Amino acid sequence: MKHFLKLLDCTKEEIIELLDLADQLKQYVKEGKEHHFLKGKTLGMIFEKSSTRTRVSFETGMYQLGGHALFISSKDSQIGRGEPTQDTARVLSRMLDGIMIRTFEQKEVEMLAEYGTIPVINGLTDFCHPCQVMADLQTIREHKGKLEGLKLCYIGDGNNMANSLIAGGLKVGMEVSIATPENYRPAAEVLEFAKGYGAKFFLTDRPMEAAKGADVVVTDAWTSMGQEEEKKQRETAFAGYQVNRELMAAAKPDAMVLHCLPAYREQEITNEVFEQHANEIFDEAENRLHAQKAVLVKLLG
C-alpha cells in the first residue's frame, strides 16, 4: 500500500491489517507505552476544508508517533490559487515524508498521489471519507467483537460517508443497507462496485426497511460544508430520514449507533438516541486518532 486514497482501492486483508494495527496502537496509548515509529518524519496537512477532529487527530497522532505535523491552511496553500496540483505535489515531495489532504474534489487527491513521490492520505473529499470509516469499523469491532456477518445500516445523504461505508463494510464481510432519497443516491461508481456483492447490498428510499434487523445504524449531517445554499431544500428532502426511537425499534435490540460528527440533534438524529449511544459515538470519535495512526505507520514507517 503506497497511498490511502479511498477504500475502493484497498483489499479486505489490507483493511483488517490496519484495524489490527490501530488496536495495537490504542493499547500502547492506554499503557502509556512510547511508540515513536515515525521519529524524524514530517507530515504536511493540507486543509482546504476545515475540521476539528481531522486536525487534532492527525497532529496528535504524529506527535505520539514521534514525528511532526505541519498545518497548511487554504490561505497558506497555493493549490487552487494559480499553482497546479502536480507542481505542489513535486515540491512537497522534496520536503516532507507524507501528505494528508482534506479537500473538495477527489481528483485533487489522486493528482497529488500521481505526481508526488511520497505517500498521500485522503483526510476527506466530497467523494469519500476513508479515515472516518476505518474508525467506524474499529469501533464496531470493539463493541461487537467481529465485523463479518453483521448488518450495517446507513440513513441519510448518499454522500462521502455512504460511499466509504459501502466500500469498507462490504469488503470486510458485512451486509450493508442504505436508505437515501432518490435524488441523493451514493456515487454511481460505488453502486457499480456494490453490485458484485449481490444480496449483501440493499438500497432503498425507505429508512425503516433499511434498518430492519440492523446491528449498526449510522447517520450523518444532512448538509455538509459547501452545501449551505441547499440547506432548506435538503431539510425537506431528508425529513423522513431521522434516526429516532421509532427507527431504532426496527433494528436489533442491541444495535449500535454511530455518527461521524458534528451532529445536529433533532435533525438527522434525536437527542434521545444520541445520548443513549453517546459512548459508542465518542469511542468512534477517539478512534479517528488510532485508525489514522495505523495508516501513518503503514505508509510512512
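# A tour from the cavity to the core

Start with helix α6, residues 160-171, which gives the most to the lining of the largest cavity, with 3 residues. Keep in mind that this is a predicted model.

**Stop 1: the cavity**

Now select the full lining. Lys6, Leu7 and Leu8 are part of it, together with Phe127 and Cys128. Add Asn163, Ser164, Ala167 and Val190 to complete the set. The enclosed volume of this largest cavity is about 40 Å³. How many cavities of 30 Å³ or more are there? The count comes to 1.

**Stop 2: the cysteines**

Cys128 from the lining leads on to Cys10. Select both and show the sulfur atoms. The sulfur of Cys10 has its closest cysteine partner in Cys128, at 9.8 Å. A disulfide needs sulfur atoms within 2.5 Å, so the distance of 9.8 Å is too far for a bond. Is Cys10 buried or exposed? Cys10 counts as buried because its relative accessibility is 5%, and the limit for that label is under 20%.

Move to Cys153. Cys153 is in no disulfide either, and the nearest cysteine sulfur, in Cys260, lies 15 Å away. With 0% relative accessibility, Cys153 also counts as buried. Across the whole structure, a search finds 0 disulfides.

**Stop 3: Thr54**

Next, select helix α2, residues 52-64, and pick out Thr54 within it. Thr54 has 0% relative accessibility, so this residue counts as buried. Which side chain does the side chain of Thr54 meet in a polar contact? The partner is the side chain of Arg288, at 2.8 Å. Show the surroundings as well. Leaving aside residues up to four places away in sequence, Thr54 touches Phe47, Met100, Arg102, Gly123 and Arg288.

**Stop 4: the nonpolar cores**

In soluble globular proteins, nonpolar side chains tend to be buried together. Here, the largest nonpolar core has 59 residues. Which residues have the most contacts inside it? Select Phe4, Ile121 and Ile140.

Stay on Ile140 and display its neighbours, again without residues up to four places away in sequence. Gly145, Lys146, Leu147, Leu150 and Leu152 are in contact with Ile140. So are Met174, Val216, Met256 and Leu258.

Last, look for the core that lies apart from the largest one: it has 22 residues. Ile155, Met248, Ala251 and Leu261 are among them. Select these four to end the tour.

Definitions and conventions:
Residues numbered from 1 in each chain as written. Predicted model: local features only at pLDDT ≥ 70, side-chain atom pairs only at ≥ 80, totals over all residues. Heavy atoms only, no water. Core = buried A, V, L, I, M, F, W, Y, C linked by side-chain atoms within 4.5 Å. Buried < 20%, exposed > 50% of the residue type's maximum accessible area, 1.4 Å probe, protein only. Contact = heavy atoms within 4.5 Å. Helix = DSSP H or I, 4+ residues; strand = E, 2+ residues; numbered from the N terminus. Polar contact = N/O pair within 3.5 Å; in protein donor to acceptor, adjacent residues only side chain to side chain. 1 Å grid on protein atoms, 1.4 Å probe; cavity = no way out; pocket = protein on both sides within 12 Å on 5 of 7 lines; lining within 4 Å. Points joined across faces, edges and corners; volume = space filled by probe spheres on them.
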